[in-house]
Amino acid sequence: MSKELWENLAQIKKKKQEVKHNISLTLDDEIEFIVDPEIKYFTEWALTTVSPAFFKIPASKGNHHPWFSRKECGLIIHIKYAVRIARELFKNPLITNFTQTEQDIIISALLLHDIGKAPLKNSQGVWNSYLGHASIARHHIIQSIDDCGDPRLLEFKQTDCFYLITMAVKYHMGLFFEYKEKPEFNKISTFVHLCDYLSSLKVVDYIESL
C-alpha cells in the first residue's frame, strides 16, 4: 500500500474520531422509556438541574468501569448502558416481575443515580463529592424542588414514587459504601444497584483482551 494511501486512511480515521469527540450525548431516548407522565416530568426536570460537566465527564476517576465509560462522556454512556440492562431484564419474567410504575421508578432512578458526580448547585450552595455522590444527589433533588416552587413537583415530592426514586438513588451503591445510618434496601433499590453494578463491570474489557 502506498504512503499516500496510508496517509489518506489516517486522515479519514482522524476525522471520524473528531466527529465522535464532538457528539453531545443525551438521555432523551431513555427518558422516553418512562410511561408515567408525573415520573417523566420529574425526571426531565431533575436532569435540567445538573451542571454541563455531567454530560462530559467519565464515569470513573480510576479504573473501576469498562473502557467506554472511562472516556469523555463516559458517565452518560454508563447511565444509558444501565438503563438498557434494566430494560432487557424487565423482559424476563423469571428474573423480574415489576409493574409498569415500578419500571418507571427504576428507569428514573438510574437516570439520576450519578448526578452527584458533577458539581450540583442549589440555594444551599455547591455540592460535589465523588465518594458521597449518591447522598448529595438525593439531597440536591429535594432541595431543588423546594427552590423552584413548581406546584406539580411539590405535589410529586409527597408521593411514594418520589420516595422510592430518591432512596434508590441514595442506595444505588449497595454494600460497596459505608452508610452513616442503616441502609433501607428494597426490591427497587436493590435492582437499581444491580443494573448500575452490571453496567460498571469490565467484562467487555476482558472479552476484547482474548
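So, burial: of the 210 residues in this protein chain, 44% count as buried. Keep in mind that this is a predicted model. The chain exposes about 11900 Å², and carbon and sulfur atoms supply 58% of that.

On to the fold. You've got ten helices and two strands. If you walk along the sequence, the pattern goes α-α-α-α-α-β-β-α-α-α-α-α. And how do the contacts spread over the sequence? Take contacts between residues at least 6 apart in sequence: 61% of them join residues at least 24 apart.

Okay, the inside. In soluble globular proteins, nonpolar side chains tend to be buried together. Here, the largest nonpolar core has 47 residues, and the ones with the most contacts inside it are F42, F54, I106, L112 and I115. Which helices feed it? At least two residues each come from α3 (37–47), α4, α5 (100–112), α6, α7, α8 and α9. The largest share is from α4, with nine residues.

If you want one core residue to click on, try L112. Leaving out residues up to four places away in sequence, L112 touches F42, T43, A46, L47, A137, I141, I165 and V169. So F42 is there again, and F42 is also one of those residues with the most contacts inside the core.

Now charges, and I'll spend a bit longer here. How many salt bridges does a search of the whole structure find? Eight. Let me take you through some of them.

Start with R84 and E30. They form a salt bridge, with the closest N and O atoms 3.0 Å apart. That one ties together distant parts of the chain: R84 sits in helix α4 (residues 74–90), E30 sits in helix α2 (residues 28–31), and the two are 54 residues apart. Is each end buried or exposed? R84 is at 39% relative accessibility, so it counts as partly exposed. E30, on the other hand, has a relative accessible area of 0%, so it's buried.

And E30 has another partner. E30, K80 and R84 are linked in a network of salt bridges. So let's look at K80, which is also in helix α4. Its relative accessible area is 19%, and since buried means under 20%, K80 goes in the buried group. What does K80 touch, once you ignore residues up to four places away in sequence? T26, L27 and E30. Two of those come with polar contacts to the K80 side chain. The backbone oxygen of T26 lies 3.0 Å from a polar atom of that side chain. Then the side chain of E30 makes a polar contact with the K80 side chain, at 3.1 Å. One more for K80: S199 is 119 residues away in sequence, but C-alpha to C-alpha the two are 9.0 Å apart in space.

Next salt bridge: K117 and D114. Their side chains meet at 3.5 Å, N to O. Are these two buried or exposed? Both K117 and D114 are buried.

Then there's K157 with D146, where the N to O distance is 2.7 Å. This pair also links distant parts of the chain, with K157 in the loop between α7 (151–156) and α8 (160–170), D146 in helix α6 (residues 133–148), and their positions eleven residues apart. D146 has 40% relative accessibility, so that one counts as partly exposed.

While we're on D114, have a look at H172. You'll find H172 in the loop between α8 and α9. Its relative accessible area is 1%, which means it's buried. And what's around H172? Skipping residues up to four places away in sequence, it touches H113, D114, H133, A134, V192, H193 and D196. So D114, the salt-bridge partner of K117, is among the residues that H172 touches.

Last stop, the surface. L194, Y197 and L198 make a nonpolar surface patch of about 220 Å². L194 lies in helix α9 (residues 187–200), and at 32% relative accessibility it counts as partly exposed. Remember that α9 also supplies at least two residues of the largest nonpolar core.

So if you open the model afterwards, I'd pull up the E30, K80 and R84 network, then H172 with its contacts, and then the patch made by L194, Y197 and L198. That's it from me, happy to take questions.

Methods. Residues are numbered from 1 along each chain as its sequence is written. This is a predicted model: local features need pLDDT of at least 70, side-chain atom pairs count only at pLDDT 80 or more; totals for chains, interfaces and linings use all residues. Side-chain values use heavy atoms; hydrogens and water are left out. A salt bridge is a side-chain nitrogen of Lys or Arg within 4 Å of a carboxyl oxygen of Asp or Glu. Helices (H or I, at least four residues) and strands (E, at least two) are DSSP runs, numbered from the N terminus. Buried means under 20% relative accessible area, exposed over 50%, partly exposed in between (1.4 Å probe, protein chains only). Patches are made of residues with over 30% relative accessible area and no salt bridge: like charges are joined within 9 Å, nonpolar side chains (Val, Leu, Ile, Met, Phe, Trp, Tyr) within 5 Å. Accessible areas come from the Shrake-Rupley method with a 1.4 Å probe; for residues, only the protein chains shown count as cover. Contact means heavy atoms within 4.5 Å. A polar contact is a pair of N or O atoms within 3.5 Å; within protein, one must be able to donate a hydrogen and the other to accept it, and residues adjacent in sequence count only if both atoms are side-chain atoms. A nonpolar core is a set of buried Ala, Val, Leu, Ile, Met, Phe, Trp, Tyr and Cys residues joined through side-chain atoms within 4.5 Å.
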